[in-house]
Amino acid sequence: MHRRAVGVAVRAGTFGALALVAAAIGVVPPAGAAPGHPPTAGGPALGADLAAPGRGAALDRQYVADHARDSYGSDGMFAGGTTIGLAGVAPAVRPRPAVPMHTLTVKGTNLAGRPDTGDGVLLLNVDNTKLLDPVASQQTFYHGVAKFSVPAGHYFGIGGFGSVKLQGHPGPATRYVVLPQFTVTGNTTVTMHETAADSKVTMVTPRPATVLTTDVWLRRTGTSGPPLLLELYPVGHPMWISPAQVKPTVGTLQVSVNQHLESRPGRKVPYEYTLSYTDAPGTIPVQRYVVSAKDLATVHERFYQPVTASGAWAFNGSFTGTNANNNADWFGFIEPAGPRVKLPGKLTEYAGGAGSARMEWAGQYGPFPGVPAVLGDTRLLHPGEHLTDNWSAYPLQPGVNALLTSLPNMFWMMGANIPSAVRAGNTLQLEVDPFDDNEPGHQIGAVAASGPEQATGSYRIEQNGTTIASGDAVAAAQFGEFYTKVTLSPKPSTIRFSLNYTRASRTFPLSTATSTVWIFRSAPVTGATVPPGWSCVRYTYRPHGCMAQPMMTLRYAVAHMRLDGAAPAGRQVLHLTVGHLQAATASNVTTASVSVSFDGGKTWHAAQVTGHDGSYAAAFTAPAGAKVTLRTSAADAAGGSVSEIIANAYQIAG
């Protein structure tokens, strides 16, 4: 699983700064226009910089300053001119069409009915979505007027009005007036009244809840050219949109709305709703949705942590057929958001809304300020389903990549998963989460060479008893995960991979160190393909030309463990699941053993292990107040094995 940003939205108050339309139609407009005139090109690309924490607030502040003087993109964050668009997409230079041009005047009034100054208008030719100059298609009202020079044809327009006051000035747009279709045959005037945006996005939930965030996606297609795609996301503010009852005759119009809502303060187990509704193509209905419990999946989130703290939770997702996981755009994606949570603790997540038979969701939370977020992989949920998700349940140990869904085409957005041990030709790649819990798809924390959660570590890779690679396991980490690749000899061989990590801190007083050794057989293959959803190359969906290696895996579950990571003193039952990488061809698991220590590994006691075929239970007695150190080993019929020591794996209650 890859520690990569998801659900990044450029948050700005005008279409001139937003520029998502240009990204959608394959061109990138520069920002920086005086009111009513095209901006000038040039300047550095923002790209991922806008996705960095805190950039949303900075954009809001910049917008407030720009809005106050009716000038955008000329200084501050946008000094020198700025290009905003998809990473790697170069601005396109388009010649002016050799056709007669007409003046289109868009008049705008604010909520008070007065001529508007400072809010934005965006225009699209729906006969050919590539026809308009990407810069000139975005203008700003000045004394109630925005002017465009356009050829004859059918058009779509949207105005974003900032009715929220920030520092005494209009803030990011929260009211959107949509003109689904109008015709230009000569000089033409149309009007946008902010008061027309009178339909507030509202979701009525089965249990009382207050709104955290609202997010609206709008997609407008034309006769030719790619669709216009807009995400309207005034973070933390309510949203209004103008209903449209008449379907366009040229192209289609569709809206998808999302909302996060949280329970009122004071509940022992708080809850959150993450909801999405995609309207039928053609019109924009009144934006009031009554949520039915039968359309929701229920996830009981349980957060394990020995140290009391206030953390943050976020849930994001999408519905099959309306989102980036199945289309070449982001339409319908639900941005990650959620309430503050008390840790250790519980939270109930209700997800759904549209009544789809299949939903894709992912969760993430931050256990402490400054500590990397804990990530959960995308999983499928179904209406009416109830499940429990255990976060950071001890013991923590090196974890392997897992896929909870293998839906096609999702990887361009999230980053493709490779098996944790995969061979292509004579190249072996290894990717392991250093400290993971026992839920497939989770990634618990990340390793860092410095800071309050400093970790140390080492690794060694041997082929037929000869060391072929070794080094610092923390320095080898990428996106918080251990990653390396080595060249093997072309002959079949035995690989021994050892990985050691130590992390002791106030925030992580348990599972402080791990030492794991994997042994497996490896040989070159030709014409191999990994199972659906997996890739041979990181961050790129390329399933051909590699094979997952038969590396073994361990997962633990301590009976009667409390949320603070402690189990009652006395008889202990440790459930042990032994297997192989998901994408690998597995051999039968033949043996498993568990020993425990209560003095940090100085003396060991064999646990009584029962079970077979990869499912085992280890029983032993632990004294009150002890920390249990675990030593586990398992083997398979092909000669593979895994052995592991977890220091201070979990606590015994005093």
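Trainee: Hi! Quick one to start: does Asp389 count as buried or exposed?

Mentor: Hello! Asp389 counts as buried, at 5% relative accessibility. Buried means under 20% relative accessible area, exposed means over 50%, and partly exposed is in between, using a 1.4 Å probe and protein chains only. Two notes before we go on. This is a predicted model, where local features need pLDDT of at least 70, side-chain atom pairs count only at pLDDT 80 or more, and totals for chains, interfaces and linings use all residues. Residues are numbered from 1 along each chain as its sequence is written, and side-chain values use heavy atoms, with hydrogens and water left out.

Trainee: Thanks. Which side chain does Asp389 meet in a salt bridge?

Mentor: That of Arg379, at 3.6 Å from N to O. A salt bridge here is a side-chain nitrogen of Lys or Arg within 4 Å of a carboxyl oxygen of Asp or Glu. Arg379 lies in strand E27 (residues 379–381) and Asp389 in strand E28, so the pair ties together parts 10 residues apart in sequence. Arg379 itself is partly exposed, with a relative accessible area of 23%.

Trainee: What do names like E27 and E28 stand for?

Mentor: They are strands (E, at least two residues), which, like helices (H or I, at least four residues), are DSSP runs numbered from the N terminus.

Trainee: And how many salt bridges does a search of the whole structure find?

Mentor: Five. One of them joins Asp295 and Lys294, at 3.3 Å from N to O. Asp295 is buried, with 17% relative accessible area, whereas Lys294 is exposed at 62%. Another pairs Arg562 with Asp564, whose closest N and O atoms are 2.9 Å apart. Arg562 is partly exposed at 42%, and Asp564 is partly exposed too, at 28%.

Trainee: Back to E28 for a second. Where does strand E28 come in the order of its sheet?

Mentor: At the end of the order E15-E14-E17-E18-E24-E20-E28, an open sheet of seven strands with mixed pairing. E15 (228–232) and E28 (386–391) are the edge strands, each pairing on one side only. From one strand to the next, the twist averages 15°.

Trainee: What does it take for two strands to pair?

Mentor: DSSP has to find at least two bridges between them. In general, strands of a sheet pair through backbone hydrogen bonds, either parallel or antiparallel. Take E17 (residues 253–262) and E18 (residues 271–278): they run antiparallel and are joined by seven bridges. There, Gln259 stands opposite Leu275 in E18.

Trainee: Which strands pair in the parallel sense over two bridges?

Mentor: Strand E10 (residues 175–184) and strand E16 (residues 240–241). Arg175 has Trp240 in E16 as its bridge partner. You will find both strands in an open sheet of six, ordered E5-E4-E7-E10-E16-E12, with mixed pairing.

Trainee: New topic! How many disulfides are there?

Mentor: The count comes to one. A disulfide is taken as a pair of cysteine sulfur atoms within 2.5 Å. Here the pair is Cys536 and Cys546, with sulfur atoms 1.9 Å apart. The link is left-handed, with -80° about the S-S bond.

Trainee: Are those two cysteines buried or exposed?

Mentor: Cys536 is buried at 5% relative accessible area, and Cys546 is buried at 1%.

How values were computed. Axes are lines fitted to C-alpha atoms, for helices over the stretch in contact, and angles run from 0 to 180 degrees between N-to-C directions.
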